[in-house]
Amino acid sequence: RMNVRKITTSSQALDGLLGGGIETRTMTEFFGEFGSGKTQICHQISVNVQLPPEKGGLSGKAVYIDTEGTFRWERIEAMAKAAGLDPDTAMDNIYYMRAINSDHQIAIGDDLQEFIAKNPSVKVVIVDSVTSHFRAEYTGRENLAARQQKLNKHLHQLTRLAEIYDLAVIITNQVMARPDMFYGDPTVAVGGHTLYHVPGIRVQLKKSRGNKRIARIVDAPHLPEGEVVFAITEEGIRD
Ligand code: ADP
Ligand code: MG
C-alpha cells in the first residue's frame with residue numbers, strides 16, 4: 001500500500017510474517033495468553049522505532065500507554081544498548097503514560113491527536129493492554145454494550161491517528177488459549193463484529209519451549225499464512 005513504512009521487530013522471522021515489520025498507517029494487535037511476549041514486543045518496538053531507516057526504524061519517538069503497570073525502563077535500557085542506541089536518549093524518546101482506569105485511558109486517547117500534532121516525531125503509539133481496564137470495569141451482561149461502544153470509539157480514534165500522522169499503532173489484548181476469547185465471547189455476541197474488524201493486522205502469540213514464542217497472523221488475506229518462531233532474550237526480541 002502507498003507510503004506505508006515498517007518498523008523492525010528485531011526478529012527476521014517475525015518481520016517476515018508481518019511482511020517486513022510493523023506498518024505505519026495501520027493498527028497491529030498482538031493477542032495471546034499471559035507471558036506470550038506482548039509486552040516485550042511493545043518495549044522492543046518503542047526502542048526500534050528510534051533506529052534510523054537503514055537499521056529498520058523510522059528515526060521516531062514512541063508513545064507508550066501502559067494500562068497494567070508492566071512497563072519497565074530497565075528493559076528499554078537493555079534493549080536500547082543491544083540495538084546500539086544511547087540508553088538515556090532512548091528513554092527520553094519514549095513518552096510514557098500510565099492509564100489508571102478506562103476513563104483515564106479514553107481521556108489520554110482524546111488528547112493524543114493534539115499531543116502528536118505538537119510532537120510529530122512520534123511514529124508509534126502503543127497501548128498495552130487495550131482491553132484490561134474495560135474488561136475489569138464493565139462486567140456483567142448488562143454492561144457489555146457500553147463496554148463495546150467505548151472500546152470501539154477508542155480503537156477508531158487510534159486508527160485515525162495512524163492514518164493522519166503516518167504512524168504505527170500497536171495494541172495488545174490478553175486472551176486465554178482461544179483466539180476469539182474476547183472478540184468472539186458468546187456473551188459479547190451483540191456488536192461483536194464491529195470490534196473484531198477494527199484492528200488492521202491481528203497477530204496471535206503462543207508460548208513454546210523455554211524462551212521461544214510462536215506468532216501467527218489471523219484474518220489477513222494479503223499476508224502469507226503460517227507460523228514463525230521467535231525468542232525473548234535479555235537483549236530483546238530475537239530469532
Ligand atoms: P505478556 O505481556 O504477553 O503477558 P511478556 O511480554 O511480559 O508477556 O513476556 C514475559 C516473558 O518475557 C517472561 O516470561 C520472560 O520469559 C520474558 N522476559 C521478560 N524479561 C526478560 C529479560 N530481562 N530477559 C529475558 N527474558 C525476559
Ligand atoms: Mg503484558
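This dialogue works through the sheet, two of its strands, the packed helices and the ligand shell of a predicted model.

User: How do strands of a sheet pair, and in which order do the strands of the open sheet run here?

Analyst: Strands of a sheet pair through backbone hydrogen bonds, in either a parallel or an antiparallel sense. In this predicted model, an open sheet of 9 strands follows the order β5-β4-β6-β7-β3-β8-β9-β10-β11, and its pairing is mixed. The edge strands, each pairing on one side only, are β5 (94-98) and β11 (236-238), and from one strand to the next the twist averages 25 degrees.

User: Which strands run parallel to β7, and over how many bridges?

Analyst: Strand β3 is joined to β7 by 7 bridges in the parallel sense, with Val169 of β7 as the bridge partner of Met27. Strand β6 also runs parallel to β7, through 4 bridges, and there Ile126 stands opposite Ile170. On the β8 side, β3 (residues 26-32) pairs with β8 in the parallel sense over 5 bridges, where Glu29 is set opposite Arg202.

User: Where does the antiparallel pairing of β9 appear?

Analyst: Strand β8 (residues 201-207) pairs with β9 in the antiparallel sense over 6 bridges, and Gln204 stands opposite Arg216 in this pairing. The hairpin of β8 and β9 has 4 residues between the strands, and in this hairpin Gly210 takes a positive phi near 55 degrees. Strand β9 is also joined to β10 (residues 227-233) by 5 bridges, again antiparallel, with Ala215 opposite Val228.

User: How should I read the two faces of a strand, and which residues of β9 lie on its covered face?

Analyst: In a regular strand, side chains alternate between the two faces of the sheet. In β9 (residues 212-218), Arg213, Ala215 and Ile217 form the covered face, whereas Lys212, Ile214, Arg216 and Val218 form the uncovered one. Strand β7 reads otherwise, since 7 of its 7 residues are buried: Ala168, Ile170, Thr172 and Gln174 point one way, Val169, Ile171 and Asn173 point the other way, and all are buried.

User: Which strands do helices α2 and α7 touch or lie across?

Analyst: Helix α2 packs on the sheet, where its contacts include β3, β4 (61-66), β6 (122-128) and β7 (168-174), and its direction makes about 165 degrees with that of β6. Helix α7 (residues 144-164) lies across β3, β6 and β7, and runs at about 155 degrees to β7.

User: What surrounds ligand 1?

Analyst: The shell consists of Gly32, Phe34, Gly35, Ser36, Gly37, Lys38, Thr39, Gln40, Asn211, Ile232, Thr233 and Glu234, which divide into 2 nonpolar, 8 polar and 2 charged residues. Helix α2 (38-48) and strand β10 each supply at least two of them, and the largest share, 3 residues, comes from α2. An unreviewed UniProt entry places a "binding site" feature at Gly32, Glu33, Phe34, Gly35, Ser36, Gly37, Lys38 and Thr39.

User: Are Gly32 and Phe34 buried or exposed, and why?

Analyst: Gly32 is buried because 24 other C-beta atoms lie within 10 Å, where 20 or more are required. Gly32 is placed in strand β3 and, leaving aside residues up to four places away in sequence, touches Lys38, Val175, Gln204, Leu205 and Lys206. Phe34, by contrast, lies in the loop between β3 and α2, and counts as exposed because it has 10 C-beta neighbours inside 10 Å, the limit being 12 or fewer.

Definitions and conventions
Residues numbered from 1 in each chain as written. Chains lettered and ligands numbered in written order. Predicted model: local features only at pLDDT ≥ 70, side-chain atom pairs only at ≥ 80, totals over all residues. Pairing = 2+ DSSP bridges. Near = placed C-beta within 6 Å. Nonpolar A, V, L, I, M, F, W, Y, C, P; charged D, E, K, R; others polar. Axes fitted to C-alpha atoms, helices over the stretch in contact; angles between N-to-C directions. Contact = placed C-beta atoms within 7 Å. UniProt positions renumbered as here; feature names shortened; annotations may be inferred.
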